[in-house]
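Q: I'm new to this structure and would like a close look at a single part. Could you walk me through one sheet and then a strand with its partners?

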Amino acid sequence: MLALAPGIASGSDASIGLYTDAIGSSCSFSGNQSGVVTAYVVVRPGDSPIQGVQFSAPIPSCFDASLLAEYAPPPFLAAGNSQTGISIMSPGCETAPFNALQILYMNNGNTTACCAFGVSVVGATDCSASPVAMMAVTSHFNADPSCDCSGVLPPAPPSLPQPPDGSTMRDINEPLIWYSTDPSGRPMTADVYLGTNPDPTLVANNVPVEPYTTFWPQQFFLYGTTYYWKVVLRNSGGAEAVGPAWSFTTRPNHPPTITNPTPPNGGTKLPVPSPFVLTWAADDPDGHALRYDVHFGESPSPPKVASDVFNRSFAVEDVQFTTTYWWYVVARDSYGLETTGPTWSFTTKAFNEPPEVPHNPAPASNATN
């Protein structure tokens, strides 16, 4: 037996327990069929690296099984057995979670539901042979969702939100981004809550999580609106971390303006050049690109003759002499906000206008001397 000092040091979050796989994803063993069950004793170093650990894991009476075999995977050395006491020694300093022992049980099929199976920790040491405090994880066999798999460290709360909390003038088309980390390196998923209420609603669950996760909402945000959002992280061991409620406000959107028509509104006796070009001025206070629909015709409610015009001008065809025309422009910004301009009119001249009456005589009429 490799002698180890009792775990009496403080300030460590190291743990040991039986898990369903070698990386310690879950300590809940579901199912109760007869057959071989493989369990992995996973050690998670805390603040200090681990070099040795001593423990026992006798089969509890609620677990209807017998021990088939056990072995320490290379490069670890083992002395003893899990039923009465075993010591595991590493040739180096372990700072990441590691599988210290693999155990095979023969399940006879009569295990009590949610059978609790805890590891009894004798002690652990770091690389200077100093004792390290170690927490024992309670696993469950024949587990169901009601079983509490204690000892699974939760993820760190999500942080570094984008948009930043409380920020304003945000774009209506941008993702939600946050930073995630798990102290045990377990895979994580996230539930995302989003809405205009300070208590936002769930909009997506089981979102795959990266260190920096980018989540695109299904729809654009609304202009000039405050949104609230939060993230709930869940690791593969079932432990959760609920993030704070963050908020941001989108920038307002102002409608474009349409002015300065050519021909001028109400103009008369206008010549009929070819082509006959309509022009106008337009401005978007938010700097968005604009497109235009042009309505033109001989009715006060003219039909649309062009869509998605990029320039602030449009050449109309078949303009006739001695005719009154009405026209207006609809300006649309890149986010769909529209402004319908005023309806303008003009009248073209006759094909053969009579000469103007002679005027401005010289000498002036009725002049003397």
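**A small sheet, then a strand and its partners**

A: Let's start with one pair of residues: Trp178 has Thr213 in β18 as its bridge partner. This is a predicted model, where local features need pLDDT of at least 70, side-chain atom pairs count only at pLDDT 80 or more, and totals for chains, interfaces and linings use all residues. Residues are numbered from 1 along each chain as its sequence is written, and side-chain values use heavy atoms, with hydrogens and water left out.

Strands here are DSSP runs of E, at least two residues long, numbered from the N terminus, and two of them pair if DSSP finds at least two bridges between them. Strand β15 (residues 176–179) is joined to β18 by four bridges, in the antiparallel sense. Add β13 and you get an open sheet of three strands, ordered β13-β15-β18, with antiparallel pairing. β13 (159–162) and β18 (212–215) are at the edges with a single partner strand each, so each has one side without a neighbour in the sheet. On average, neighbouring strands of this sheet are turned by 15 degrees against each other, direction ignored (the axes are lines fitted to C-alpha atoms, and angles run from 0 to 180 degrees between N-to-C directions).

Now for strand β25 (residues 290–297). Seven of its eight residues are buried, meaning under 20% relative accessible area with a 1.4 Å probe, protein chains only. Strand β28 (residues 324–333) runs antiparallel to β25, and eight bridges join them; Gly297 has Trp326 as its bridge partner there. β25 also pairs with strand β26 (residues 304–309), again antiparallel, over three bridges. Tyr292 stands opposite Val309 in β26, and a hairpin of six residues links β25 to β26.

Note on methods:
Buried < 20%, exposed > 50% of the residue type's maximum accessible area, 1.4 Å probe, protein only.
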